[in-house]
Amino acid sequence: MVSFCDTSGSGRARRDNGRRAVWGHDRRELAAVFAGGALGATARAVLETVVDPDPTRWPWTTFAVNILGALLLGYFTTRLLERLPVSNYRRPLLGTGLCGGLTTFSTMQVETLHMLEHHQWTLAVGYLTASVSAGLAAVHLATVAVRRVRVRR
């Protein structure tokens with residue numbers, strides 16, 4: 001594990017297993033997060049350009065993207081932790097990067113505030129409740145699905 005603090009006094013990042021570390025992280029791990037995030041954010045941006053959000057209606061694009069991201073996160077996390085050999089780069093690429101870039105819970109919050117500004121109280125509460133509940137359900141369903149698949153040996 002790499003420390004965030006350089007205790008050598010040299011002012012340079014410490015090495016981890018011979019790999020140069022940046023801000024306490026392996027550069028390849030950071031590159032995996034960046035690549036996955038770029039893919040996820042691009043996919044989300046393409047979807048968001050198709051639909052112009054209306055604060056008086058249900059924001060289906062953001063809702064669907066967030067639920068899809070939660071489903072993928074549940075799948076990737078369970079599969080990578082329980083089914084595949086350990087990798088330093090798969091989880092940062094797929095979980096933190098791709099799913100983090102794809103999902104847009106900050107947009108969900110902004111959309112909710114816009115609903116409240118337009119006095120759409122019921123819509124705002126329903127959207128928040130449905131988003132969080134469906135997201136948790138998606139993670140759970142993906143985890144259960146991965147665990148039900150038999151591992152061939």
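Contact here means heavy atoms within 4.5 Å, and in this predicted model that criterion serves to describe the surroundings of T104 before the account turns to helix α2, the salt bridges and L128.

**T104 and its surroundings**

Leaving aside residues up to four places away in sequence, T104 touches R44, T62 and N66. T104 is found in the loop that runs between α3 (90-102) and α4 (105-117), and with a relative accessible area of 3% it counts as buried, because the limit for that class is under 20%. The side chain of T104 also makes a polar contact, at 2.4 Å, with the side chain of T107. Two of the residues that T104 touches, T62 and N66, appear among the buried residues of α2.

**Helix α2**

How far apart should the ends of helix α2 be, given its 23 residues? At 1.5 Å a residue, helix α2 (residues 60-82) should span 33 Å, and its end C-alpha atoms are 32 Å apart, so the expected and modelled values agree. The buried residues of this helix are T61, T62, F63, V65, N66, I67, G69, A70, G74, F76, T78 and L80, and they pack against α1 (27-50), α3, α4 and α5 (121-148).

L71, which also lies in helix α2, is partly exposed, because its relative accessibility of 37% falls between the 20% and 50% limits. Together with L68 and L141, L71 forms a nonpolar patch on the surface, and the accessible area of these residues together is about 270 Å².

**Salt bridges**

The structure holds three salt bridges, which are set out below with the separation of the N and O atoms and the relative accessibility of each partner.

| Basic residue | Acidic residue | N to O distance |
|---|---|---|
| R28 (46%, partly exposed) | D26 (7%, buried) | 4.0 Å |
| R57 (58%, exposed) | D54 (34%, partly exposed) | 3.9 Å |
| R147 (49%, partly exposed) | E82 (39%, partly exposed) | 2.6 Å |

Which parts of the chain does the pair of R147 and E82 link? R147 forms its salt bridge with E82, the closest N and O atoms being 2.6 Å apart, and the pair links distant parts of the chain, with R147 in helix α5 and E82 in helix α2, 65 residues apart. Both partners are partly exposed, R147 at 49% relative accessibility and E82 at 39%.

In the salt bridge between the side chains of R28 and D26, the acidic partner D26 counts as buried because its relative accessible area of 7% is under 20%, whereas R28, at 46%, is partly exposed. In the salt bridge between the side chains of R57 and D54, R57 counts as exposed because its relative accessibility of 58% is over 50%, while D54, at 34%, is partly exposed.

**L128 in helix α5**

L128 has its place in helix α5 and is partly exposed, with a relative accessible area of 35%. L128 and M108 are 20 residues apart in sequence, and their C-alpha atoms are 7.8 Å apart in space. When residues up to four places away in sequence are not counted, L128 touches M108 and T112.

Note on methods. Residues are numbered from 1 along each chain as its sequence is written. This is a predicted model: local features need pLDDT of at least 70, side-chain atom pairs count only at pLDDT 80 or more; totals for chains, interfaces and linings use all residues. Side-chain values use heavy atoms; hydrogens and water are left out. Helices (H or I, at least four residues) and strands (E, at least two) are DSSP runs, numbered from the N terminus. Buried means under 20% relative accessible area, exposed over 50%, partly exposed in between (1.4 Å probe, protein chains only). A polar contact is a pair of N or O atoms within 3.5 Å; within protein, one must be able to donate a hydrogen and the other to accept it, and residues adjacent in sequence count only if both atoms are side-chain atoms. The expected span of a helix is 1.5 Å times one less than its number of residues. Patches are made of residues with over 30% relative accessible area and no salt bridge: like charges are joined within 9 Å, nonpolar side chains (Val, Leu, Ile, Met, Phe, Trp, Tyr) within 5 Å. Accessible areas come from the Shrake-Rupley method with a 1.4 Å probe; for residues, only the protein chains shown count as cover.
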